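Reader: I should like to go through the strands of this protein with you. Could you begin with the terms you will use?

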Amino acid sequence: MKRSQAQIIREYGPFPGVQAVHGLTYDGRQVWFAVGEKLLAMDPDSGATPREIAVAASAGTAFDGKHLYQIADGRIQKIDPASGRVLSTIAAPGAGEDSGLAWAEGSLWVGVYPQRKIHQVDPESGRVLRTIASDRYVTGVTWVDGELWHGTWENGASELRQVDASSGEVLQSVEMPAGTGVSGLESDGAGCFFCGGGESGKLRVVRRPAQEAGDAPAGKMPAESSAG
């Protein structure tokens, strides 16, 4: 397993009226993040939050290229970002203990915090298609370039971990600074991760470790991805 220290290259927040960040995703222009009773949209260049959607938002957030998905109270809501309308809901696999959320290869990937698991879920039926076990609490989930990453936050320590999507083996660990938690994880599709900062009310940008020449993506490569 490769180990490294996180390079935090930018921080946003805390934001007015935001007590905690529960999940986040990136639609290519804006970072959407869950703050309990609403989703906020942030411009990553300015840090401004010009839009919000009033919807229960207590855990992970994802984007499939057209719709937002948001975990709240044991369910996953599919949301039209233009109108803010909830289009449909499915049961979340963790029955209220769900945390991170990602979209990849036509599926939702759901972290279940205390069970230390990531489930691949059919977005229409909610059926669990695959389960990946972790040895740490799972907070955020994201896919990038065929790599599955998840956040951890346990006993006061947080990491970003790349895991093999078939075996669950930890391939890389990026350690966050002491006292810096991760409550949601999302790739920008390139060289950085967006990380939710829990009760700090902050978002952080962490540099993604460079892939070494000859490294092959682990597990099946999704065609598209976005997460929280």
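Author: Certainly. Two strands pair if DSSP finds at least two bridges between them. Strands (E, at least two residues) and helices (H or I, at least four) are DSSP runs, numbered from the N terminus. This is a predicted model, in which local features need pLDDT of at least 70, side-chain atom pairs count only at pLDDT 80 or more, and totals for chains, interfaces and linings use all residues. Residues are numbered from 1 along each chain as its sequence is written, and side-chain values use heavy atoms, with hydrogens and water left out.

Reader: Which residue is the bridge partner of E186 in β20?

Author: That partner is F194. Strand β20 (residues 192-196) pairs with β19 over four bridges, in the antiparallel sense.

Reader: In what order do the four strands of the open sheet stand?

Author: The order is β2-β21-β20-β19, with antiparallel pairing. Because β2 (8-12) and β19 (184-187) each have a single partner strand, they stand at the edges and one side of each lacks a neighbour in the sheet.

Reader: Turning to β5, are its faces covered or uncovered?

Author: Both faces of β5 (residues 39-42) are covered. L39 and A41 on one side, and L40 and M42 on the other, are all buried (under 20% relative accessible area with a 1.4 Å probe, protein chains only; exposed is over 50%, partly exposed in between).

Reader: What joins β5 to β4?

Author: Four bridges join β5 to strand β4 (residues 31-34), and the two run antiparallel. F33 has L40 as its bridge partner. The two strands form a hairpin with four residues between them, and G36 in the turn has a positive phi of about 110 degrees.

Reader: And how many bridges join β5 to β6?

Author: Three bridges join β5 to strand β6 (residues 51-53), again antiparallel. There, L39 has I53 as its bridge partner.
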